[in-house]
Amino acid sequence: MMSDNYDDCKHRFKVVLMGSHGVGKTSLLRRLCRDTFSLTVPETRGLSDQPKRLRVFDKDIVLHLWDTAGTEKYRPINALYIRRTPGAIIAFDVTRKETFNDLGYWLKELFTNSDDPQCILVGNKIDLTEQREVRKEDAEEFARKNKLIYVETSAKDNVCVSQAFERLGEMILEKNMKSTLSGDNSRRRLSSVAKPVKKGCCN
Ligand SMILES: Nc1nc2c(ncn2[C@@H]2O[C@H](COP(=O)(O)OP(=O)(O)OP(=O)(O)O)[C@@H](O)[C@H]2O)c(=O)[nH]1
Ligand SMILES: [Mg+2]
């Protein structure tokens, strides 16, 4: 059995979950780490670190997942945790257009506080098809313009949740290994990040 302290794993990376209030950041984490879902989740106020072991490229990696607060009054503390993060999930709620419109804010937060992070854009709550306000094509277009990978998820129905985190894990590991090989940790965005957005729920 694998140990719980993750000390045996040499590929350990911090990942920050960002996005506006109620988009489902905590729910995505709960689904990934505990395979649970609840319709009543308290809003996140402080930050907490949840480790998750994943297998990518035939390697064990551990993502230390930092769940941040989307509510505006609790946001100032987030910048501290975003600092130097190698990876982030930026999430919005496909049933609330304003959370999609907020993405510019979250991207700025991420890219001004961290040095060339890997990032996945997540459109969550796709189970609520009737209430959908953000078309998949519009989200894909936004992702393409910002050179992001886009994944649509449902924390409720467990659609593409682990795939989103695994894809991010791959991107971080790939960049880390290339940087180590070249001995250059300050390289700008790698070509692997700008892969075209594919069709299907788990782009
Ligand atoms: N139908 C549906 N509801 C979801 C989904 N994900 C989250 N929710 C619900 O959306 C609400 C907000 O979810 P949270 O996980 O607390 O959102 P959050 O982004 O962590 O919010 P803050 O901590 O305030 O920033 C809760 O009622 C969840 O049950 C989903 O995939 N589908
Ligand atoms: Mg939360």
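In what order do the six strands of the open sheet lie? Keep that in mind as you look at this predicted model, and start by getting your bearings along the chain.

The protein chain has six helices and six strands. Walk from the N terminus and you'll meet them as β-α-β-β-α-β-α-α-β-α-β-α. There are 203 residues in the protein chain, and 38% of them are buried. Now take the contacts between residues at least 6 apart in sequence: 73% of these join residues at least 24 apart.

Back to the sheet. Its six strands are arranged as E2-E3-E1-E4-E5-E6, the sheet is open, and the pairing is mixed. At the edges you'll find E2 and E6 (residues 149-152), each of which pairs on one side only. Going from one strand to the next, the twist averages 25°. As a bit of background, strands of a sheet pair through backbone hydrogen bonds, and they can do so in a parallel or an antiparallel way. For a parallel example here, look at E1 (residues 12-18) and E3 (residues 59-67), which pair over six bridges. If you'd like to pick out one bridge by eye, find Leu17 and its partner in E3, Asp67.

Next, the helices that lie against these strands. Helix H5 (residues 136-145) lies across E5 (118-124) and E6, and it runs at about 155° to E6. Helix H6 (residues 161-182) packs on the sheet too, touching E1, E2, E3, E4 (87-93), E5 and E6. The direction of H6 makes about 170° with that of E5.

Now for the ligand. Ligand 1 is surrounded by 23 residues, and the closest are Gly24, Thr26, Ser27, Thr44 and Gly70. Which element gives the most to this shell? That's helix H1 (residues 25-34), with three residues. Sorted by class, the shell contains twelve polar, six nonpolar and five charged residues.

Finally, let's zoom in on a single residue, Arg45. You'll find Arg45 in the loop between H1 and strand E2 (48-56). Is Arg45 buried or exposed? Arg45 counts as exposed, because it has 10 C-beta neighbours inside 10 Å, and the cut-off for exposed is 12 or fewer. Leaving aside residues up to four places away in sequence, Arg45 touches Ala69 and Tyr74. Have a look at Arg75 as well: along the chain, Arg45 and Arg75 are 30 residues apart, and their C-alpha atoms are separated by 8.5 Å.

Conventions. Residues are numbered from 1 along each chain as its sequence is written. Chains are lettered from A and ligands numbered from 1 in the order in which they are written. This is a predicted model: local features need pLDDT of at least 70, side-chain atom pairs count only at pLDDT 80 or more; totals for chains, interfaces and linings use all residues. A residue is near a molecule or strand if its C-beta atom, placed from the backbone, lies within 6 Å of it. Helices (H or I, at least four residues) and strands (E, at least two) are DSSP runs, numbered from the N terminus. Ala, Val, Leu, Ile, Met, Phe, Trp, Tyr, Cys and Pro count as nonpolar, Asp, Glu, Lys and Arg as charged, and the others, Gly among them, as polar. A residue is buried if 20 or more other C-beta atoms lie within 10 Å of its own, exposed if 12 or fewer, and partly exposed in between; C-beta atoms are placed from the backbone. Two residues are in contact if their C-beta atoms, placed from the backbone, lie within 7 Å. Two strands pair if DSSP finds at least two bridges between them. Axes are lines fitted to C-alpha atoms, for helices over the stretch in contact, and angles run from 0 to 180 degrees between N-to-C directions.
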